[in-house]
Amino acid sequence: MAFGIYISVPFCRTKCSYCNFASDVFSRAVFDRYVDRVCADMANASQAAREMGGHIENAVDSIYLGGGTPTVLETEQLERVFSTVRSQFDVSPEAEITVECAPGTLTPGILESLLRCGVNRVSLGVQSFVDQEAAAVGRLHNREKVLEDIARLRAVGITNINIDLIAGLPHQTADSWEFSLAETIATTAPHVSVYMLEVDEDSRLGRELLAGGTRYHAHFVPDEESMADFYIAACERLTKAGIAQYEISNFARESFESRHNLKYWTRQPYFGFGVDAHSMLLSVTGEVEAVRFAPADSLERYMSGAASQRTPVSRQSALEESFFLGLRLAQGISLRELSERFGDEALQEPHAAIGELVKDGLMEVRGDFAQLTSRGRLLSNEVFERFLAADEIVR
Ligand code: SF4
């Protein structure tokens, strides 16, 4: 089975206040060594897979370069990453090849380099078309720059473009959110991702919000109810514009769904390289269904060769994953397929949970498919917990 490759580039020009990823601002001096290490890991992929108890074939049908901001790399470094992928794996000519870009980093040199690397999809971290909102969280671009970058991508033939938006940025209002949605639709980009602001200890803005402070414009962050309203508005507006919701946070015009990201939700194999880049491979032994593993989540530990963390996926875990990953998709999960794969007995408890969730208005069953309702999508974490074994929730 062909698999997907994810490569993490944890370097950014500045650290956005809401960002809880393993990315940061580092000296350019480390870029070269990092690329060397990632390329060495790719050359060693088969052995690493074996050591983890996973299986890979050589065929690759999607590549996703994320981070971080991959386009801060030098063109030579970017091209070295891609030439290593192509020398180590058999990349399908039809592969979806995505690079995440921060608006404002697409220099003419980088654009040419993306083309030389065969990149055919770009994901732009726009977050907001309102300059005040983008600036408040430390983004370095404005609306004009985003529109310019989209035009330049199209001029060189890269038309498969994703726009990332965040609902819940400081200063956001119903009107300003509507403006960002309208601008997004007006670009005619075929893919849009809408995330709700995450409030946790892993970002500066999150910590400030939890502490009730005012730094990073925290006191201008809309309340939870408004964020939920923004999300609902996005679902309605984008769907009406022909950009259908196919996953909790993702919307696409027909046949522009992200093939790479679909692997995550449908439990297809993928191999991640670089800081905090997660992998999921089918198991070579019959004892477990699959293996998940990830290298260190800090640059320092990754560069010093810290061992990857391995998590075997038992049959029970695979069933739970099928529910909480598959239910992220608008089409939901096929109960018939699950019963063929895991047996009717294994599905007794999930069936009972579905019955309760249907009564609560969080799920619905259409024919053979169980799916989230729009309220279920808003409360998805609550729904997913119902499909986890009790001991896993306690953990
Ligand atoms: S550009 Fe993206 S990865 Fe980098 S700090 Fe901002 S949100 Fe995080």
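What follows is a chat between two people about a predicted model.

Colleague: Before we start, what pLDDT do local features need in this predicted model?

Modeller: Side-chain atom pairs count only at pLDDT 80 or more, totals for chains, interfaces and linings use all residues, and local features need pLDDT of at least 70. Residues are numbered from 1 along each chain as its sequence is written, and side-chain values use heavy atoms, with hydrogens and water left out.

Colleague: Okay, the ligand: how do the residues of the shell around it divide?

Modeller: Around the ligand (a heavy atom within 4 Å) you'll find Cys12, Thr14, Lys15, Cys16, Tyr18, Cys19, Phe21, Ser23, Gly68, Thr69 and Arg139. Ala, Val, Leu, Ile, Met, Phe, Trp, Tyr, Cys and Pro count as nonpolar, Asp, Glu, Lys and Arg as charged, and the others, Gly among them, as polar. That gives a shell of five nonpolar, four polar and two charged.

Colleague: Which side chain of opposite charge is nearest to Arg139?

Modeller: Arg139 sits in the loop between helix 5 (131–136) and helix 6 (143–155); helices here are DSSP runs of H or I with at least four residues, strands are E runs of at least two, and both are numbered from the N terminus. Arg139 is buried (under 20% relative accessible area, 1.4 Å probe, protein chains only). It has no salt bridge (a side-chain nitrogen of Lys or Arg within 4 Å of a carboxyl oxygen of Asp or Glu). Lys and Arg count as positive and Asp and Glu as negative, leaving out His and the chain ends, and the nearest opposite charge, 7.3 Å away, is Asp164.

Colleague: Which residue has its backbone oxygen 2.6 Å from a polar atom of the Arg139 side chain?

Modeller: Look at the backbone rather than at side chains for this one. The oxygen at 2.6 Å belongs to Gly125.

Colleague: Why is strand 12 largely enclosed by the rest of the structure?

Modeller: On one side of strand 12 (residues 290–294), Ala290, Arg292 and Ala294 are buried, and on the other Val291 and Phe293 are too. It's largely enclosed because the buried count is five of the five residues.

Colleague: And how many bridges does strand 12 share with strand 13?

Modeller: Strands pair if DSSP finds at least two bridges between them. Strand 11 (residues 279–283) runs antiparallel to strand 12 with four bridges, Met280 partnering Arg292, and the two form a hairpin with six residues between them. Strand 13 (residues 309–313) is also antiparallel to strand 12, with Ala294 partnering Gln309, and the bridges number five.

Terms used
Buried means under 20% relative accessible area, exposed over 50%, partly exposed in between (1.4 Å probe, protein chains only). A polar contact is a pair of N or O atoms within 3.5 Å; within protein, one must be able to donate a hydrogen and the other to accept it, and residues adjacent in sequence count only if both atoms are side-chain atoms.
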